[in-house]
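Dear colleague,

I am passing on the structure below, which is a predicted model, and I would be glad if you could read the notes that follow with it open beside you.

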Amino acid sequence: MSKSHLAYTALLLTVSGIAVVSLLYVMIPLTPYVIAEFSVSPIRAVWASSIFSMAFALGNLFFGTLSDRVPKKCLMLAGLILLVICTLSVELVSTFTPFLWLRAAQGFLAASFPPVALAYVSDVIPPAQRPNVISYLSCGFLLAGVAGQIFSAEVAANWGMKAVFSSLSLIYVILIVISLRLPKDRPNAERPAAGPGVFEVFRTLVRIPSLLVAYGAAVTILMSFVAMFFGLSEFAVQQLHLSPERILWLRLISMLGMVCALFCGSWIRRFGPVRVLVAGFLIAAAGLAGEAVLSNVHMSLFIAATVVFVAGIAAAVPSIISRIALLGSAARGMALALYGFFVFVGASLGPVLAATLMPFGFAALCGTLSVIMLAAAAVTAWSAKPSADKERLNAVSS
């Protein structure tokens with residue numbers, strides 16, 4: 001692969017990841033619009049995000065497993081085409097229940113991209129460049145957490161809630177057209193034609209202790225990320241009394257922490273995914289603790305703590321993906337599918353956790369999340385063995 005084609009592939013996959021995963025986060029600023037549009041309570045409105053995450057988690061299992069058996073490029077394109085149809089359909093609904101069903105369908109179809117794209121990288125990107133491209137993709141998935149909020153807040157403020165979904169549909173159509181130039185992959189590149197079935201692969205995966213620990217840690221990542229931003233949106237309005245413009249700047253500044261993900265490829269190669277993962281959890285815990293302490297003390301320091309938290313998450317995501325892809329070996333499609341399932345189970349719990357803890361204050365929410373991050377770091381470090389990164393699923397391909 002030439003350098004120009006490599007750069008094109010990495011950039012297109014990253015931009016596509018931002019656009020697709022943004023569908024989860026667009027609902028954070030849209031919650032007041034959902035309440036007004038469908039006359040529902042705030043607790044019910046939160047389910048517009050949670051049901052997407054739950055369906056996304058299940059979709060990761062389906063599409064990630066399927067990606068081990070069919071061409072990944074075709075699978076990504078087909079998923080995007082169906083996602084366009086589903087997202088455009090949101091404009092047609094006038095009651096809350098059909099809206100929830102469409103959000104669930106969006107979540108399921110959106111899962112046709114992230115786990116498949118990660119497995120696709122392992123098929124078409126040269127080994128020396130894979131950690132870098134995985135870092136870019138991971139950065140894109142996290143960037144969607146802020147970009148999706150900013151995009152939906154600005155579009156909804158000017159043209160209404162449903163314009164957010166029609167605008168995203170147009171973006172997906174453009175991405176489908178330019179994705180036709182992506183290189184073709186070879187399905188089952190590392191698996192014999194008569195390889196084991198899905199359930200045999202699954203049973204092999206769940207017998208790897210270090211992989212199970214990684215899945216447990218994955219639950220905490222987006223749970224903390226989504227819960228913090230849900231709580232921050234409420235805190236910024238009700239306690240800090242920030243204007244929409246200042247809230248926009250707060251979200252933009254928090255994106256500075258995403259820069260950390262761009263360097264994770266070299267850090268992973270130098271220190272190994274486990275050490276970078278533990279460091280990411282510890283940095284995120286420090287940022288959350290800073291937010292809890294400084295939320296009512298000093299605005300500049302509070303914003304700095306938010307950036308630190310985002311940086312920790314940005315370091316944790318590519319390192320945990322690299323580790324799972326390494327442990328998954330020939331079954332990396334299913335291994336990453338399970339990762340997607342667990343990480344978005346965590347994302348579905350994030351809004352619920354925020355709604356439960358915010359009555360006790362934003363500091364209580366951040367303090368709880370900080371303890372969760374510390375626990376994830378401790379379990380990951382405790383479970384790691386000197387030879388853990390050399391583990392493979394030889395039994396899968398035997």
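**Pocket, cavity and a helix pair**

The largest pocket in this predicted model has a volume of about 750 Å³. It is lined by 27 residues, and the closest of these to the pocket centre are Ile28, Pro29, Pro32, Ser233 and Glu234. Two or more lining residues come from each of helix H2 (27-38), helix H3 (42-66), helix H7 (130-159), helix H10 (209-238), helix H11 (244-254) and helix H16 (332-357). By residue type, the lining of the largest pocket comprises 19 nonpolar, 4 polar and 4 charged residues.

Turning to enclosed space, there are 5 cavities of 30 Å³ or more, and the largest cavity holds about 180 Å³. Its lining consists of 16 residues, with Phe141, Leu222, Tyr339, Val343 and Phe344 nearest the centre. The lining of this cavity has 14 nonpolar residues, 2 polar ones and no charged ones. H16 contributes the most to it, with 5 residues, while H6 and H7 are among the helices that each supply at least two.

Those two helices also pack against each other: the axes of H6 (residues 114-124) and H7 are 10 Å apart and meet at an angle of about 165°, which means that H6 runs roughly antiparallel to H7. The crossing of H6 with H7 is right-handed. In their contact, Pro114, Ala117, Leu118, Val121 and Ser122 of H6 meet Arg130, Val133, Ile134, Leu137 and Phe141 of H7, a set made up of 8 nonpolar residues, 1 polar and 1 charged. Phe141 therefore appears twice in these notes, since this H7 residue, which meets H6, is also one of those nearest the centre of the largest cavity.

With best wishes

Note on methods. Residues are numbered from 1 along each chain as its sequence is written. This is a predicted model: local features need pLDDT of at least 70, side-chain atom pairs count only at pLDDT 80 or more; totals for chains, interfaces and linings use all residues. Side-chain values use heavy atoms; hydrogens and water are left out. On a 1 Å grid over the protein atoms alone, a cavity is a set of points where a 1.4 Å probe fits but cannot get out, and a pocket is an open set with protein on both sides within 12 Å along at least five of seven lines; lining residues have an atom within 4 Å of a point. Grid points are joined across faces, edges and corners, and a volume is the space filled by probe spheres set on the points. Helices (H or I, at least four residues) and strands (E, at least two) are DSSP runs, numbered from the N terminus. Ala, Val, Leu, Ile, Met, Phe, Trp, Tyr, Cys and Pro count as nonpolar, Asp, Glu, Lys and Arg as charged, and the others, Gly among them, as polar. Axes are lines fitted to C-alpha atoms, for helices over the stretch in contact, and angles run from 0 to 180 degrees between N-to-C directions. Angles under 35 degrees count as roughly parallel, over 145 as roughly antiparallel, 65 to 115 as roughly perpendicular and the rest as oblique. A crossing is left-handed if the near helix is turned anticlockwise from the far one by less than a right angle, and right-handed if clockwise. Contact means heavy atoms within 4.5 Å.
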